[in-house]
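The following paragraphs offer a guided reading of a protein model. Please keep the sequence and the coordinates in view while following them.

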Amino acid sequence: MPTKVKENSGYKVVGVTTPTQVVPDAEMLTRDDLESGRWTVHSTTNSASEVGLDTDARTMFVPTYDDELSRHLRAQQMFYAKCSPTPKQYGKLWAKRGYASTRTLGACEQLRMTTLMMNSGFEPHKNLQRGSEMLDGFTMATHHDFQAVVLGAISYHNTQGEQAFLDGVKAVHPEWIEAITTIANQASDFYNAIEKNNTQSLKDGCEWRCIPPLNATGATVRTHGFGYTEQLAKWVENIIGSLTDEGKSQPKLGDPQQTQDDDEGEGKKAKSKKAKSKEGEGLSKSEMKALLRGIKESAKEQQQWGRGSIPRNGVKSMWEELRVSKPALTKSLMGAIGKKRVASATGRNPRRMSRLLTDPERRIFDRTVRGAGGVVLVDTSGSMSLSEEQVKQIVVHAPSALVAQYSGGSRTRPNLYVIANKGRMVDKLPRPNGSNGMDFPALEWAIKQRQRPNAPVIWVSDGGVTGRGDNFCDDLTMVCIRLCKKQGVYVVPDPDTAIDLLKRLQRGEKVTSVIPHQLKETYKQETGQELVLR
């Protein structure tokens, strides 16, 4: 229970119970984006669950003990209060920008605070720890949560608890260690490069060319140091996505347990045994070297962000607004039906009695088989083309599918048209607007139109993703790629390839995407890895 209250002109200390106390001088905190004011400092223990702050309310919870751990915990919270966005600022400026998740932003922001501490003379690598790092690493690795492990490695990087965290991960997944430490090191190098570039510019007398410093607290996105955190978090999520399978949190770095879990049925045993012998030891040395080289190569591109190229707008505001039109589908195609009757061994009415003599399985009943459905989304910008005959072939080979075309560039006309559905199509194809501009909103719409969860979605595009004004941006391309990976979208470069893929799907064959060159190049540049889609 609080036994003493100490007041100062700039702050108030609550809950002091020890004779010797060291109180952070919170009244010294000044920012470019906030007015100064009195802080309330609550004295706590060194427990990580008790330490924290509320910048909007100017309330800080820190230990006031006279030891190095307490000193570094106080310093860490002071840096958060001095440099990090307040909860209100985060909600207004950063939360909905769409470049990275709150979870990833939090880990990268913690590393930014650690970097600022080290640059100010503190030694977090010797004196800052939570005490639960090893358990955290072990728990995350036990649940095969690779993303959490990467974010943990970034959060604890350059702190005393870093090695304990890695030891916890290593006890379960030793094959992950080299990859996660490489990512954490590259993340730290990114922040250090920003500090180095800014310091060098000041030494050269080029103040007008200086980028905002790492601890900047400007009132706009482009003048606040948290913009660097956002850029780093974006890179981290791209890297994590490139190392993990579609819709899974576990990386493709070898997992003996996964191959054991997949060992179902006699037909899978041989394949599972072979996979186990290969994956149980993780990646080969050459594969691991290629993986780490890819991470480092993508980090070279990441260093260019240190020049202050922080996007002014969020991802969603960079797309054109989606305007959907559903014209009349007046033309019906012979054979393009969404369901059909096939012979079955069970049923109510024996309509196929002749099969008693001709069919060894005696399938004398009827069973209705519905089409697999699906959605075909066609980019009809200036670099693409779609003919009426190609639309017919798509409908014939995907009888219950929905076919839509999209093209941005107009402020008044619709930019997405439903041109076929359930065996019927438009009498005349709509005239395209000519540009892209809204690839991601169109993809989101197409995925929502799935008739059933396993219905295929095919995106026909040359990969020339653009935003408002038909401006190309790597960030927008990566957003589309991540959506395709997550939702299992097939990507093909032209309508003829889409028709061929539909034919093979109809025959029950295994198919894969034919990835356009522009998507491959952007993905390689951003992640250092080869793009693999469904």
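Which residues form one aromatic cluster with Trp-94? The cluster consists of Tyr-90, Trp-94 and Phe-226. The model in which this cluster appears is a predicted one.

Aromatic pairing is a convenient place to begin, and the structure contains seven aromatic pairs. In one of them, Phe-79 and Phe-122 have ring centres 6.3 Å apart and planes at 85°, so the pair is classed as edge-to-face. Phe-79 belongs to helix 1 (residues 68-83), whereas Phe-122 sits in the loop between helix 3 (102-119) and helix 4 (124-127); the pair thus links distant parts of the chain, 43 residues apart. Phe-79 is buried, as its relative accessible area is 16%, and the cut-off for that class is under 20%.

A further edge-to-face pair is formed by Phe-146 and Trp-176, with 5.1 Å from centre to centre and 85° between the planes. Because Phe-146 lies in helix 6 (residues 146-155) and Trp-176 in the loop between helix 7 (162-170) and helix 8 (177-203), this pair ties together parts that are 30 residues apart in sequence. Phe-146 and Trp-176 are both buried.

Phe-146 also leads to the nonpolar interior, since it is one of the residues that Ile-180 touches. Beyond residues up to four places away in sequence, the contacts of Ile-180 are Phe-146, Val-149, Val-150, Ala-153, Leu-166 and Val-169. Ile-180 is among the residues with the most contacts inside the largest nonpolar core, together with Tyr-191, Leu-232 and Val-236; this core has 65 residues. Apart from it lies another core, of 36 residues, which includes Val-315, Met-318, Met-478 and Ile-481.

Within the largest core, Tyr-191 merits separate attention. This residue is located in helix 8 and counts as buried, at 0% relative accessibility. Tyr-191 and Leu-232 are 41 residues apart in sequence, while their C-alpha atoms are 8.6 Å apart in space. With neighbours within four places in sequence left aside, Tyr-191 is in contact with Leu-232 and also with Cys-108, Glu-109, Leu-111, Arg-112, Thr-115, Leu-214, Tyr-228 and Thr-229.

Two of these partners of Tyr-191, namely Glu-109 and Arg-112, introduce the charged interactions. The side chains of Glu-109 and Arg-112 meet in a salt bridge, at 2.8 Å from N to O. The two residues are separated by about one helical turn because they are three residues apart in helix 3. Glu-109 counts as buried at 3% relative accessibility, and Arg-112 is buried with a relative accessible area of 0%.

In total, the structure holds ten salt bridges. Another of them joins Arg-103 to Asp-145, whose closest N and O atoms are 3.3 Å apart. Here the link is between distant parts of the chain: Arg-103 is in helix 3 and Asp-145 in the loop between helix 5 (133-142) and helix 6, 42 residues apart. Arg-103 counts as partly exposed, at 44% relative accessibility. Glu-530 and Lys-524 likewise form a salt bridge, with 3.3 Å between the closest N and O atoms. Glu-530 counts as exposed at 56% relative accessibility, while Lys-524 is partly exposed at 32%.

What is the nearest side chain of opposite charge to Asp-439? It is that of Arg-468, 12 Å away; Asp-439 is buried yet has no salt bridge. The separation rules out a bridge to Arg-468, because a salt bridge requires the nitrogen and oxygen to lie within 4 Å. Asp-439 lies in helix 15 (residues 439-448), and its side chain reaches the backbone nitrogen of Thr-466 at 3.4 Å. Outside its neighbours within four places in sequence, Asp-439 contacts Trp-319, Tyr-406, Trp-459, Val-465, Thr-466 and Cys-480.

The backbone itself supplies the last topic. Arg-58, a residue other than glycine, has a positive phi, near 55°. Arg-58 lies in the loop between strand 4 (52-54) and strand 5 (59-63) and is partly exposed, with a relative accessible area of 26%. Lys-422 is not a glycine either, yet its phi is positive at about 55°. This lysine, Lys-422, is found in the loop between strand 12 (416-421) and strand 13 (424-425), and it is exposed, with a relative accessible area of 61%.

Terms used: Residues numbered from 1 in each chain as written. Predicted model: local features only at pLDDT ≥ 70, side-chain atom pairs only at ≥ 80, totals over all residues. Heavy atoms only, no water. Phe/Tyr/Trp six-rings, centres within 6.5 Å; stacked < 30°, edge-to-face > 60°. Helix = DSSP H or I, 4+ residues; strand = E, 2+ residues; numbered from the N terminus. Buried < 20%, exposed > 50% of the residue type's maximum accessible area, 1.4 Å probe, protein only. Lys, Arg positive; Asp, Glu negative; His and termini not counted. Polar contact = N/O pair within 3.5 Å; in protein donor to acceptor, adjacent residues only side chain to side chain. Contact = heavy atoms within 4.5 Å. Core = buried A, V, L, I, M, F, W, Y, C linked by side-chain atoms within 4.5 Å.
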